[in-house]
Amino acid sequence: MSDLTVSITQANAQPSDNRLKSNAYWFHIFQSMLDHGLAKIGPDAFAIYCVIKSCCDLKTGRSRTSIETIARKSGISERQVTRKIKVLETEGYISISRTRRYNVYLLTEKLLIQDDRSEEHTSELQSPIRS
């Protein structure tokens, strides 16, 4: 994760030691997910997917984000988060494994590929995910 540091100076004042920090980390969402998967999983599941992906370890492709953190960051109740995680798993966007006290989510990227005859095929990419 990279941080962006900005130095601020107030008008008519000496340079300040105050620094603002911003998380400049970003990740991608494949267009095919928006075109073909979003209507199927719904906006809540998409928001949850984005939170899980934003907390993902890019070296392993795994996220150990708690239900409480997902709920807080997405603005969705913990109960609804649990339901929508099952939707994401059923639709193949995540795989879930349990280690000790928390879930580990492995993200699966789905790409829609067209061949020379314009027939569509789905390709799935798993760990590690690099943005």
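Author: Contact here means heavy atoms within 4.5 Å. Among contacts in the protein between residues at least 6 apart in sequence, 45% join residues at least 24 apart. The model is predicted, so local features need pLDDT of at least 70 and side-chain atom pairs count only at pLDDT 80 or more, while totals for chains, interfaces and linings use all residues. Residues are numbered from 1 along each chain as its sequence is written, and side-chain values use heavy atoms, with hydrogens and water left out.

Reader: What makes up the secondary structure of the protein?

Author: There are 3 helices and 7 strands, and from the N terminus the order is β-β-α-β-α-α-β-β-β-β. Helices (H or I, at least four residues) and strands (E, at least two) are DSSP runs, numbered from the N terminus.

Reader: Why is α1 called roughly perpendicular to α3?

Author: The axes of α1 (residues 31–54) and α3 (residues 78–90) come within 9 Å and cross at roughly 90°. Axes are lines fitted to C-alpha atoms, for helices over the stretch in contact, and angles run from 0 to 180 degrees between N-to-C directions. Under 35 degrees counts as roughly parallel, over 145 as roughly antiparallel, 65 to 115 as roughly perpendicular and the rest as oblique. So roughly perpendicular is the label for α1 and α3.

Reader: Which residues make that contact?

Author: From α1 come Ile41, Asp44, Ala45, Ile48, Tyr49 and Ile52, and from α3 come Gln80, Val81, Lys84, Ile85, Val87 and Leu88.

Reader: What makes one face of α2 the buried one?

Author: In α2 (residues 67–74), Ile67, Ile70, Ala71 and Ser74 are buried, that is, under 20% relative accessible area (exposed is over 50%, partly exposed in between; 1.4 Å probe, protein chains only). Seen down the axis of α2, they fall within an arc of 100°, so they line one face. That arc is taken from the directions from the helix axis to the C-beta atoms. Their cover includes α1, α3 and β5 (102–107).

Reader: How do you know that Cys55 and Cys56 are not bonded to each other?

Author: A disulfide is a pair of cysteine sulfur atoms within 2.5 Å. The sulfur of Cys55 is 8.9 Å from the closest cysteine sulfur, in Cys56, so that is too far for a bond. A search of the whole structure finds 0 disulfides.

Reader: Is each of these two cysteines buried or partly exposed, and why?

Author: Cys55 has 27% relative accessibility, so it counts as partly exposed. Cys56 has 9%, so Cys56 counts as buried.
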